[in-house]
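The following exercises invite the reader to examine a structure step by step. Each task is followed by a worked solution.

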Amino acid sequence: MAISTFIPTLWSARLLAHLDKSLVLGNLVNRDYEGEIKQFGDRVKINQIADVTVKDYVKGTDITYDAADGTPTELVIDQQKYFALAVDDVDKAQANIALLDRSLERASYALRDIIDQRVASHSKDASTTLTVADIEDPAQAYDSIVAMSVALDEKNVQKEGRWLVIPPWFYGLLQKDQRFVTGTDAADTRLTTGVVGAAAGFRVYESNNLVTVKTTGVVSIMAGTNAAISLATQVLNTEALRLEKAFSDAVRGLLVYGTTVVQPNALVTLKANQKTGA
């Protein structure tokens with residue numbers, strides 16, 4: 001029977017590969033604790049390194065020691081999603097990599113949006129939130145990015161690896177400012193990664209998944225480094241089964257994940273909206 005030769009690890013690996021290629025916001029975070037999760041509900045304690053105070057030394061006096069550990073953060077695996085695909089023949093699907101890829105691309109595309117929206121929801125957890133209303137001028141849009149960069153500088157956030165995620169209308173304004181460096185990547189690469197250029201020390205990405213207030217159009221634009229947010233995903237199970245009411249085999253899988261803000265100082269949010277009629 002076809003089900004007897006089903007290879008779960010093959011489906012799991014290819015699903016995760018497609019998911020990584022599809023993620024925009026999800027690829028701007030760290031995955032440092034992913035190997036520590038095994039099931040839904042798992043909790044990973046992330047220990048922070050406390051600040052170290054430099055003290056004056058006085059000969060003959062006792063030395064005071066600082067605690068090495070700071071306040072811990074918990075990464076909770078509190079989300080679970082599944083995919084289910086009907087296939088005519090599992091063996092054939094495994095042999096035909098193109099067919100397998102197309103099926104898993106559909107699954108990963110749907111999961112991508114869900115995970116990216118979850119990461120975008122952490123805009124509220126940034127240590128710094130700026131507000132610029134009724135943006136209509138390209139220079140105003142670029143200057144607001146500079147303000148985000150300065151906010152990170154003031155928090156002593158490293159300059160290497162800084163990213164910025166913007167909505168399409170904001171990207172349209174930036175293209176009219178000569179200071180914005182348009183991305184030179186191929187069109188298909190921009191489509192899969194979201195990279196559109198560079199500005200004020202940021203690698204700029206475009207996404208429709210940023211948090212948006214529908215009534216006002218205010219978007220929570222995000223910038224930071226991958227130290228800010230941690231994401232962990234795990235395919236818990238993939239299995240094949242024979243459909244009872246169809247001449248088909250099927251494959252299904254369960255994905256669990258969780259996110260948390262590890263370094264709020266490495267994240268800044270800009271609440272902005274496009275001026276009506278601009």
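**Exercise 1. Determine which residues form the nonpolar patch on the surface that has about 460 Å² of accessible area, and classify Y57 as buried or exposed.**

Solution. The model under study is predicted. Step one is to identify the members of the patch: they are Y57, I63 and Y65, and the stated area of about 460 Å² belongs to them together. Step two is to place Y57 in the chain, where it occupies the loop between β1 and β2 (73-76). Step three is to classify Y57. Its relative accessible area is 62%, and the cut-off for an exposed residue is over 50%. Y57 is therefore exposed.

**Exercise 2. Establish where N30 lies, whether it is buried or exposed, and which residues it touches beyond four places away in sequence.**

Solution. Begin with the location: N30 belongs to the loop between α1 (8-22) and β1 (43-46). Next, consider its accessibility. The relative accessible area of N30 is 7%, and a residue counts as buried under 20%. N30 is therefore buried. Then list its contacts. Leaving aside residues up to four places away in sequence, N30 touches N226, A227, I229, S230 and L231. Finally, examine the polar atoms. A polar atom of the N30 side chain lies 2.9 Å from the backbone oxygen of N226. The side chain of N30 also reaches the backbone oxygen of I229, at 3.0 Å.

**Exercise 3. Describe the open sheet of seven strands: give its strand order, its edge strands and the pairing of β4 with β12.**

Solution. First, write down the order, which is β4-β12-β9-β5-β8-β7-β6, with mixed pairing. Second, find the edges: β4 (128-135) and β6 (181-182) each pair on one side only, and are the edge strands. Third, recall the general principle that strands of a sheet pair through backbone hydrogen bonds, either parallel or antiparallel. Fourth, apply it to β4 and β12 (residues 267-274), which run parallel and are joined by six bridges. Within this pair, T131 stands opposite K271 in β12.

**Exercise 4. State how many helices and strands the protein chain has, and what share of its 278 residues is buried.**

Solution. Start with the elements: the protein chain has six helices and 12 strands. Turn next to burial, where 42% of the 278 residues are buried. Then consider the contacts with a separation of 6 or more: residues 24 or more positions apart account for 78% of them. Lastly, the protein chain exposes about 15100 Å², of which carbon and sulfur atoms supply 51%.

Key. Residues are numbered from 1 along each chain as its sequence is written. This is a predicted model: local features need pLDDT of at least 70, side-chain atom pairs count only at pLDDT 80 or more; totals for chains, interfaces and linings use all residues. Side-chain values use heavy atoms; hydrogens and water are left out. Helices (H or I, at least four residues) and strands (E, at least two) are DSSP runs, numbered from the N terminus. Buried means under 20% relative accessible area, exposed over 50%, partly exposed in between (1.4 Å probe, protein chains only). A polar contact is a pair of N or O atoms within 3.5 Å; within protein, one must be able to donate a hydrogen and the other to accept it, and residues adjacent in sequence count only if both atoms are side-chain atoms. Contact means heavy atoms within 4.5 Å. Patches are made of residues with over 30% relative accessible area and no salt bridge: like charges are joined within 9 Å, nonpolar side chains (Val, Leu, Ile, Met, Phe, Trp, Tyr) within 5 Å. Accessible areas come from the Shrake-Rupley method with a 1.4 Å probe; for residues, only the protein chains shown count as cover. A salt bridge is a side-chain nitrogen of Lys or Arg within 4 Å of a carboxyl oxygen of Asp or Glu. Two strands pair if DSSP finds at least two bridges between them.
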